[in-house]
Amino acid sequence: VEAREQYAAARPASAAQHAAALAVMPGGNTRSVLFHGPFPFTAEKGEGCLLTDIDGHRVVSMIGEFTAGLFGHSHPAIRAAVLRALDGGVNLTAHNRFEGRFAELVCARFPSVERVRFTNSGTEANLLALATATIATGRKTIMGFDGGYHGGLMTFAGGGNPINVPHKTVVAPYNDVEAALAMARAHAPDLAAIILEPMLGGGGCIPATPAFLKALRDVATETGAVLIFDEVMTSRLAPGGLQEATGVMPDMTTLGKYIGGGMSFGAFGGRESLMAIFDPRRPDAIPHAGTFNNNTLTMSAGIAALSEIYTPDVAVTHNANGDALRDALNALARKHGVPMLVTGRGSMMAFHFGHAVPRSAAEANAMNQPLKELLFLDLLDRGFYIARRGMIALSLAVGAEERQGFLAAMDDLLEIRADLIRAAVG
Ligand code: PLP
């Protein structure tokens, strides 16, 4: 309560803006994930890894647009690429000189992606991948996993979402080999696709075990279902995404977030034989139009993103920095004797308050939510912006100095809050 009051008292402009927005948007909001009480953090401007809110507070963003902001808020190469595209004129109603080059870079990077098509969001990419699977198999059932998030219209978190697209869905527990195999086999005759994030992102940065991924690969092959990896977030964790890092190859992959250089982006791709249904030269081609699918701003920014900035070497170093930060955070928790665990891989991580490492979103959600809100507000007060749900996604703009500063803030916080956390967790 005290932390909330302190937050509110320091932000009269943000409070006023939220009050005005309530009259025109439900809850004053158009992105559910950004809402938090008493009223949301409202940014005026971003520069590198720094965000300034409309009340004039400057903070280091440790969340980097939930992985899409990999390049920070003002990378010069992204800016130049967008300006290059702008200079050529927008809305060309035509193929352009960017999209083919961008597609080459994406296919070269992710081993399962032989052919790719672009969309404007990860949500759309997943809808199209699922549609591809149902058409290719002539089946209807989609198997997902508890805690999986595949976009605004496709989420299995917290028992499902009433506006999920009208597929017949069945939901298995994450990281439970036996349960997943049983469910896939029970639905085998109608099973079109098995879709999962190879590490739960929004579900708490919980990596899939290698045995789980391998079992899903095998059962997809056995049942004839299309295995789809949603690598919208995880593709940044290794040069070729988690499919390359784990060696488990899906039939299809969906991409999004940072790959479009921070512009609106999504993509779905996979085996040539699956993607061929979209080939407009075919008399039976499935139409996949989309006014902005090849928009020049995204295509140009994406080329710069993959060819000039997030090269394979940079991806390796960046994720090693993330691993080191996560290890240091876990060491701080041990030093203070506080039941806090930081899960994840590479540059993505999430805080959990409890005694055992969660292996599923259900386990993560059972852990202490009010403490995550307190951590969020405490860190904001010390100049660091993480996700309200306790997630971090490091951008390239977060340097060694910011990481050290973050560790110092956490050291201080864990000292001050140790008794409270221990009492709350039990
Ligand atoms: N898939 C995953 C794993 C995501 O994390 C997200 C977004 O957070 C999406 C899909 C949806 O992407 P978008 O928000 O671009 O629609």
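**Exercise 1. Place Arg84 on the scale from buried to exposed.**

Arg84 has a relative accessible area of 42%. Buried means under 20%, exposed over 50%, and partly exposed in between (1.4 Å probe, protein chains only). So Arg84 counts as partly exposed.

A quick word on the ground rules: this is a predicted model, where local features need pLDDT of at least 70 and side-chain atom pairs count only at pLDDT 80 or more, while totals for chains, interfaces and linings use all residues. Residues are numbered from 1 along each chain as its sequence is written, and side-chain values use heavy atoms, with hydrogens and water left out.

**Exercise 2. Find the salt-bridge partner of Arg84 and say where the two residues sit.**

Start with the rule: a salt bridge is a side-chain nitrogen of Lys or Arg within 4 Å of a carboxyl oxygen of Asp or Glu. Arg84 pairs with Glu308, at 3.9 Å from N to O. Next, look along the chain: Arg84 is in helix α3 (residues 76–87) and Glu308 in helix α10 (residues 296–309), so the pair links distant parts of the chain, 224 residues apart. Helices here are DSSP runs (H or I, at least four residues), numbered from the N terminus. Glu308 is partly exposed too, at 48%.

**Exercise 3. How far apart along helix α7 are Lys214 and Asp218?**

They are 4 residues apart, about one turn of the helix (residues 210–223). Their closest N and O atoms are 2.9 Å apart, in a salt bridge. Lys214 is partly exposed at 48%, and so is Asp218 at 39%.

Definitions and conventions
Helix = DSSP H or I, 4+ residues; strand = E, 2+ residues; numbered from the N terminus.
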